[in-house]
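Visitor: I would like a close look at one part of this structure, taken slowly. Please walk me through a single sheet and what packs on it.

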Amino acid sequence: MHLRQWAFWRQRPRLIAYMLTCELAAITCIVLATVTAPTPIGSDWLRLAAVAICATVHLQLSRRQEERRRSRKVTVQIDLVGIWSFASVVVLPVQLALLGIVLSRTQRWFVARRPLYRFAFSTSSVLLAAVATHQMVTAFGPRSWSDLSVPDSITEFGILLLGGLVYFSAQAAVIGIGAILLSTSRPTIRTVLGTKDDNELEALTIALGTVAAILLVNLPAALAIIVVISVIGNRIAEVRQLQVDVRTDPKTGLLNMRGWREGAERALSRVERANGSAAVLMVDLDHFKSINDTWGHPAGDDMLEYVAHALRGATRPSDIVGRFGGEEFVVLLPEADAGEAEQAGERIRRMISELHVPTTDKRGGPVAITDRTTSIGVAVYPQHATGLGDLLQAADAAVYEAKENGRDQVRLAS
């Protein structure tokens with residue numbers, strides 16, 4: 001493919017400028033580190049070789065798991081290869097640490113299954129984070145981890161924790177800004193900072209990287225243990241992602257009906273044992289088909305994403321929100337009576353009516369979807385039904401009543 005036909009050049013101009021700036025900054029850091037840093041000694045090269053071997057073994061043993069994970073996930077992918085990058089950053093001279101990162105990232109490219117420009121950008125974020133972390137750690141003076149007293153060991157551990165925070169935050173900042181510039185819809189915490197599982201995996205990576213750094217200095221042969229743990233960690237991460245995929249709607253990030261039913265059944269059981277009340281809201285977007293017919297299906301997808309975001313903002317952490325299917329969403333409100341449920345429905349209806357959804361028309365031109373209405377049906381436990389299926393049916397019947405009476409309203413089941 002010709003250079004001018006690369007997908008990179010079809011991105012937004014501000015995103016192109018940002019990515020090129022980050023990559024130029026990463027290259028500059030590599031050059032400056034190579035020119036200004038002290039010349040590595042023999043033990044530094046041996047440690048680099050140890051890290052490179054461990055990273056290669058890790059990458060090869062976990063290759064199939066990473067290929068499967070990446071084929072199912074189109075967003076930012078977190079893996080445990082950062083263990084070796086972080087260990088290098090806090091132990092090796094900066095030029096060798098950056099060399100080790102480039103070597104491991106080059107191997108990762110063959111299983112990345114991502115456009116080259118995205119892979120280069122994510123690599124630049126790792127390099128920039130590595131430089132920032134190395135500068136912070138070295139600002140406290142040279143590291144010496146042999147024969148430490150208890151107070152000194154606490155100090156050193158605090159420095160490593162701070163280094164991990166810098167490493168995590170620098171990458172999150174670089175990637176997060178890129179995600180904001182790339183997104184065609186309103187950015188959310190999920191799109192900028194990743195999911196809870198992503199951040200937990202990143203924290204585990206830094207924790208294991210800290211242990212690997214200590215072993216690299218004091219007991220290099222024991223790095224084999226970290227390799228085993230990292231490979232097992234990759235397999236556990238794959239299983240967790242499968243569990244999330246089975247329960248999550250990929251278009252909105254909300255629970256799908258399988259995941260919603262599981263959570264709703266558990267919540268309803270707790271309400272029943274406590275002799276409390278709960279409510280089910282069925283949220284149906286009015287005339288949704290007209291969005292697809294007028295502006296195209298991508299515009300409809302953008303609308304669904306914004307509605308999902310509005311539902312998260314209009315509900316409590318204890319509420320269970322899911323996508324029922326098509327343009328319908330469903331919400332379980334534990335410990336809510338009829339009045340509270342109707343108030344929640346009105347809040348959701350109002351928030352959706354106030355949405356301003358920037359999107360594109362069928363020809364790719366910019367348009368905005370506004371002033372959309374919603375019909376919402378409400379059914380309350382145990383007033384209208386005692387089982388989840390019956391509550392859903394009652395709420396669905398209330399939605400049809402709302403539509404028959406003019407739409408754009410909240411209707412309590414009769």
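Guide: What follows describes one sheet, then a few side-chain details from elsewhere. Keep in mind that the model is predicted.

The sheet is open and has five strands. Read across, their order is β2-β3-β1-β6-β7, and the pairing is mixed. In general, the strands of a sheet pair through backbone hydrogen bonds, and the pairing is either parallel or antiparallel.

Begin at the edges, which are formed by β2 (320-325) and β7 (409-412). Each of these two has a single partner strand, so one side of each is left without a neighbour in the sheet. Averaged over the sheet, and with direction ignored, neighbouring strands are turned by 20° against each other.

Now take one pair from the order. Strand β1 covers residues 278-285 and strand β6 covers residues 374-381; eight bridges join them in the antiparallel sense. Within this pair, leucine 285 stands opposite threonine 374 of β6.

A helix packs on this sheet: α14, residues 338-353. Helix α14 touches β1, β3 (328-334), β6 and β7, and its direction makes about 25° with that of β1.

Some side-chain details complete the answer. Arginine 105 places its charged end over the ring of phenylalanine 119, 4.5 Å from the ring's centre. The structure also holds two aromatic pairs. As for cysteines, a search of the whole structure finds zero disulfides. Cysteine 22 has a relative accessible area of 8%, so it counts as buried, the cut-off being under 20%. Cysteine 29, at 22% relative accessibility, is partly exposed.

How values were computed. Residues numbered from 1 in each chain as written. Predicted model: local features only at pLDDT ≥ 70, side-chain atom pairs only at ≥ 80, totals over all residues. Heavy atoms only, no water. Disulfide = S-S within 2.5 Å. Buried < 20%, exposed > 50% of the residue type's maximum accessible area, 1.4 Å probe, protein only. Phe/Tyr/Trp six-rings, centres within 6.5 Å; stacked < 30°, edge-to-face > 60°. Lys NZ or Arg CZ within 6 Å of the ring centre and 35° of its normal. Pairing = 2+ DSSP bridges. Helix = DSSP H or I, 4+ residues; strand = E, 2+ residues; numbered from the N terminus. Axes fitted to C-alpha atoms, helices over the stretch in contact; angles between N-to-C directions. Contact = heavy atoms within 4.5 Å.
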